[in-house]
Amino acid sequence: MALTATTRLEAVNTIIGVTGETPINSLTGELPLDAEVAQNILDEVNRSIQAKGWDFNTEADLPLVPNQDGEIELSPTIVKIDVDSRRYYNINPKQRGTKLYDTKNRTFVFSSTLYAEAVYILPFTDIPEAARRYITIKAARVFQKRFLGSDLIDSFTRDEEFEAWVDLRDAHLETGDYNILQQSGSILSRRGRS
């Protein structure tokens, strides 16, 4: 049997397995309470980690086109947006809910298309394996801390979490086209940006 990327079911089973719970066979139907909580924590950690912005969930030069009312509506999956202030010095666009707001001119109305970098929250199964692994292990650690509070289990999962973090950072740096003069954690750090 060929190995594939971590599924949500496998992630939930890893999370509940840290506390010694029996694996479940499906994420549909009525679930045991620990599996429901594990799913919620998996989603919470997934959002938190992806909100930082990684090569896999950041889109550069995204055109933001005003609608007929002049407003720029954003996808609800966008959690961070950065319009380069050096390119648009007379406005200061910021995300307000699912719209762009110009804090400099105090308006939701824009007269032209803007280009920005956007960070999206992607479904767990749409992210690379290094991110899935880190999120799963971090979620397992959070789950264990909230429900058992075992220092011994925490020390084991902390070591695993650190290894997974290193793997995620390595994958991010390998695929992100960064150079030594740029900050790899910054939203405007990709090669070729001015």
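A charge sits over a ring if NZ of Lys or CZ of Arg is within 6 Å of the ring centre and within 35 degrees of the ring normal. Keep that rule handy for the first exercise. The model is predicted: local features need pLDDT of at least 70, side-chain atom pairs count only at pLDDT 80 or more, and totals for chains, interfaces and linings use all residues. Residues are numbered from 1 along each chain as its sequence is written, and side-chain values use heavy atoms, with hydrogens and water left out.

**Exercise 1. Charges over rings**

Task: find which ring Lys99 lies over, and which ring has the charged end of Arg132 above it.

Solution: Start with Lys99, which lies over the face of Phe108 at 5.7 Å from the ring centre. Then turn to Arg132, whose charged end sits over the ring of Phe124, 5.9 Å from its centre.

**Exercise 2. An aromatic pair in a helix**

Task: classify the pair formed by Phe143 and Phe147, and state for each ring residue whether it is buried, partly exposed or exposed.

Solution: First, the rule: rings of Phe, Tyr and Trp (its six-membered ring) pair if their centres lie within 6.5 Å, and planes under 30 degrees apart count as stacked, over 60 as edge-to-face and the rest as tilted. The structure holds four aromatic pairs. In one of them, the ring centres of Phe143 and Phe147 are 5.0 Å apart and the planes meet at 40 degrees, so the pair is tilted.

Next, place the two residues. Helices (H or I, at least four residues) and strands (E, at least two) are DSSP runs, numbered from the N terminus. Phe143 and Phe147 are four residues apart in helix H3 (residues 129-147), which means about one helical turn separates them.

Last, look at accessibility, where buried means under 20% relative accessible area, exposed over 50%, and partly exposed in between (1.4 Å probe, protein chains only). Phe143 is buried at 3%, whereas Phe147 is partly exposed at 49%.

As an extra, Trp54, Tyr134 and Trp165 form one aromatic cluster.

**Exercise 3. The span of a helix**

Task: check what span helix H2 (residues 33-50) should have.

Solution: The expected span is 1.5 Å times one less than the number of residues. With 18 residues, H2 should span 26 Å, and its end C-alpha atoms are 26 Å apart, which agrees. Buried residues of H2 include Ala38, Ile41, Leu42, Val45 and Ile49.

**Exercise 4. Building the sheet**

Task: work out the strand order of the sheet that holds E1, E5 and E2.

Solution: Two strands pair if DSSP finds at least two bridges between them.

1. E1 (residues 58-64) and E5 pair in the antiparallel sense over five bridges; Glu59 stands opposite Ala118, and Pro63 opposite Tyr115.
2. E2 (residues 78-83) is joined to E5 by five bridges, also antiparallel, with Tyr120 as the bridge partner of Ile78.
3. The result is an open sheet of three strands in the order E1-E5-E2. E1 and E2 stand at the edges with a single partner strand each, so one side of each is left without a neighbour in the sheet.
4. Six of the seven residues of E5 are buried, so this strand is largely enclosed by the rest of the structure.

**Exercise 5. Positive phi**

Task: compare where Asp61 and Arg106 are placed.

Solution: Asp61 is not a glycine, yet has a positive phi of about 50 degrees. Asp61 is found in strand E1 and is partly exposed at 39%. Arg106 also has a positive phi, near 55 degrees, and belongs to the loop between strand E4 (99-102) and strand E5 (114-120). At 69%, Arg106 is exposed.
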